Amino acid sequence: MSVELEAIIGLEVHAQMNTKTKMFCGCDNDAFGKEPNTTVCPICMGHPGTLPVPNAEAVAKAVKASLAIGCTVNAASHFDRKHYFYPDLPAGYQISQYDFPLASKGEVTYELGGEEKVCRITRLHMENDAGKLSHRGSLTLCDYNRAGTPLMEIVTEPDLRNADEAVAFAEALRRILIAVGASDADMFKGMMRFDASISLREKGTQKLNPRSEIKNLNSFKALERALIYEENRLRELWNEQKGPPKGDITVGWMDDEGRTRLLRDKESATDYRYFPEPDIPPLQFKKEEIEAIRKTLPKMPAQLKADYRALGLTDAEAAMLTDQTALRKRFDAVHAVTKDGKKASSLVLTQLMGFLKEAGKDVAQGPSTAHLVDLASAIASGQISGNAAKDVLEKMVTTGKAPKDIIAAEGMQQISDTGAIEKLVDEAIAANPKAIESYKAGKAAALGAIVGFVMKQSKGQANPKIVNDILLRKIGS
Ligand SMILES: [Zn+2]
């Protein structure tokens, strides 16, 4: 009889912080697309005799992120040197936090298949990123622009049970880090990376067996594929040797080959020779300081999503707004005018997004928030009809012009002048005696033909509500 096994998964998440300068020096922290080795200085190049100074903005943002994932920010924490020798690390050690991290013991609630789940957080600590190596044949090129970028390392408890849970948790964490403004977490730019550890045990037991640590997962897809691969490998191994592996191993994920490869086993585990960083004083926080930062936390993604659902938006629409700040800003401003979630979502999420897609533009390249608010106001005040608004919006997307200019240039103003409409209605009545007869004989639908006639004569610009009112008054309902 075979035993039932379950996977025990924990993650280490590295998120680059979106500070102006690097973790311990004044170098530009935005290295993306820059010429190699141009945003460096003697401090982030690890030259002897230089003095690292912690970046106050990075510390404040890491505190915010810690609070957002429910962690306790420790009253005292300090930096340590973590030694390893590899060409991407110019100083020969990374400045990290070992036994006294910035924050401990939190939890993140995430959603999977409509169910709420919780993953506990062990700790959050700060450290600096290493440089980037590119291997070209027998050459290795070193770019140290990234060396010294502030990182948050977030370590979870082994609370995840499969690849789907790991991905759903990581996505929820990413949303939180973006929401508090601590990281841009752009996966394409490698701003968020994962190491995952996985082991198997017999269901119902509590023992933690030797595990595989999978290094360098740079996308949600890689995280998912690597965990599925490694779980299957461990299950096959269990069946062969009737039990778990003998010791921990570290493996690397080979994305192209779709498999993991052994990097080192327990015997060759690295000794980082941690010791307290002598050049940086310990970090200390007063309770009041932490509480003051807590008050600046924005609405968390889960709450945002629930609020949008309450406006009558679908799950997909609410998720879209939660994830896309620029879109959310536009929706919120339009909603403030329409005071109606469905109307705002029709204008912003259906029409605007549709026209942007057709034009191959993203939200930032489309109409500004102010222009969208002007358009929503023109609809709300009856200046233009809903149908005309659609045309205006399309032109706003393609030309970038203000709605008032488009409305004026195209003569799209809705006719709400009762005198003008009355004249059109009289003409319609005179031209459609048969419809009037059927209406008077009790066919209410006949009225539509007359309204349609007026709309056609006015090129769609007559206010349909006023047309209806005047018509009813004239033919005596
Ligand atoms: Zn520097």
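Trainee: Which residue in β15 is the bridge partner of Asp80?

Mentor: Pro276. Keep in mind that this is a predicted model. Asp80 belongs to strand β4, residues 80–83.

Trainee: What makes β4 and β15 a pair?

Mentor: Count the bridges. Pairing takes at least two. β4 and β15 are joined by 2 bridges, so they meet that cut-off. They run antiparallel.

Trainee: Why are β5 and β15 called edge strands?

Mentor: Because each pairs on one side only. The open sheet has 3 strands in the order β5-β4-β15, with antiparallel pairing. β5 covers 93–96 and β15 covers 275–276.

Trainee: Which strands are the edges of the open sheet of 9 strands?

Mentor: β2 (72–73) and β14 (259–265). Each pairs on one side only. The order is β2-β6-β7-β10-β1-β11-β12-β13-β14. The pairing there is mixed.

Trainee: How do you know that β6 and β7 pair?

Mentor: They share 9 bridges, and at least two are needed, so they pair. The sense is antiparallel. Tyr110 stands opposite Lys117 in β7. The two strands also form a hairpin, with 2 residues between them. Gly113 sits in that turn and has a positive phi of about 55°.

Trainee: What joins β7 to β10?

Mentor: 7 bridges, with the strands running antiparallel. Against the cut-off of at least two, β7 and β10 therefore count as paired. Arg123 stands opposite Val155 in β10.

Trainee: How many bridges join β1 to β11?

Mentor: 11. β1 (residues 5–16) and β11 (residues 192–202) run antiparallel. Ile8 stands opposite Ser199 in β11.

Trainee: Which helices lie across these strands?

Mentor: Helix α1 (residues 56–68) lies across β2, β6, β7 and β10. Its angle to β7 is about 160°. Helix α2 (residues 163–179) lies across β1, β6, β7, β10 and β11. α2 runs at about 115° to β6.

Trainee: Now the helices of domain 3. Where does that domain start and end?

Mentor: It spans 418–475. Domain 1 is 5–292 and domain 2 is 301–410. The C-alpha centres of domain 1 and domain 3 lie 69 Å apart.

Trainee: Why are α12 and α14 called oblique?

Mentor: Set the angle against the classes. α12 (residues 418–431) and α14 (residues 446–457) pack at about 125°. Roughly perpendicular covers 65 to 115, and roughly antiparallel needs over 145. The angle fits neither class, so the pair is oblique. The axes are 9 Å apart, and the crossing is right-handed.

Trainee: Which residues make that contact?

Mentor: From α12, Leu424, Val425, Glu427, Ala428, Ile429 and Ala431. From α14, Ile450, Phe453, Val454 and Gln457. By class, the contact has 8 nonpolar, 1 polar and 1 charged residues.

Trainee: What makes α12 and α15 oblique?

Mentor: The same test applies. α12 and α15 (residues 464–475) cross at roughly 55°. Roughly parallel needs under 35, and roughly perpendicular begins at 65. The value lies between those limits, so this pair is oblique too. The axes come within 10 Å. The crossing of α12 and α15 is right-handed.

Trainee: Which residues of α12 and α15 are in contact?

Mentor: Thr418, Ile421, Glu422, Val425 and Ile429 come from α12. α15 supplies Ile466, Val467, Ile470, Leu471, Lys474 and Ile475. The classes are 8 nonpolar, 1 polar and 2 charged residues.

Methods:
Residues numbered from 1 in each chain as written. Predicted model: local features only at pLDDT ≥ 70, side-chain atom pairs only at ≥ 80, totals over all residues. Axes fitted to C-alpha atoms, helices over the stretch in contact; angles between N-to-C directions. Helix = DSSP H or I, 4+ residues; strand = E, 2+ residues; numbered from the N terminus. Left-handed = near helix turned anticlockwise from the far one by under 90°. Contact = placed C-beta atoms within 7 Å. Nonpolar A, V, L, I, M, F, W, Y, C, P; charged D, E, K, R; others polar. Domains from an automatic or database assignment.
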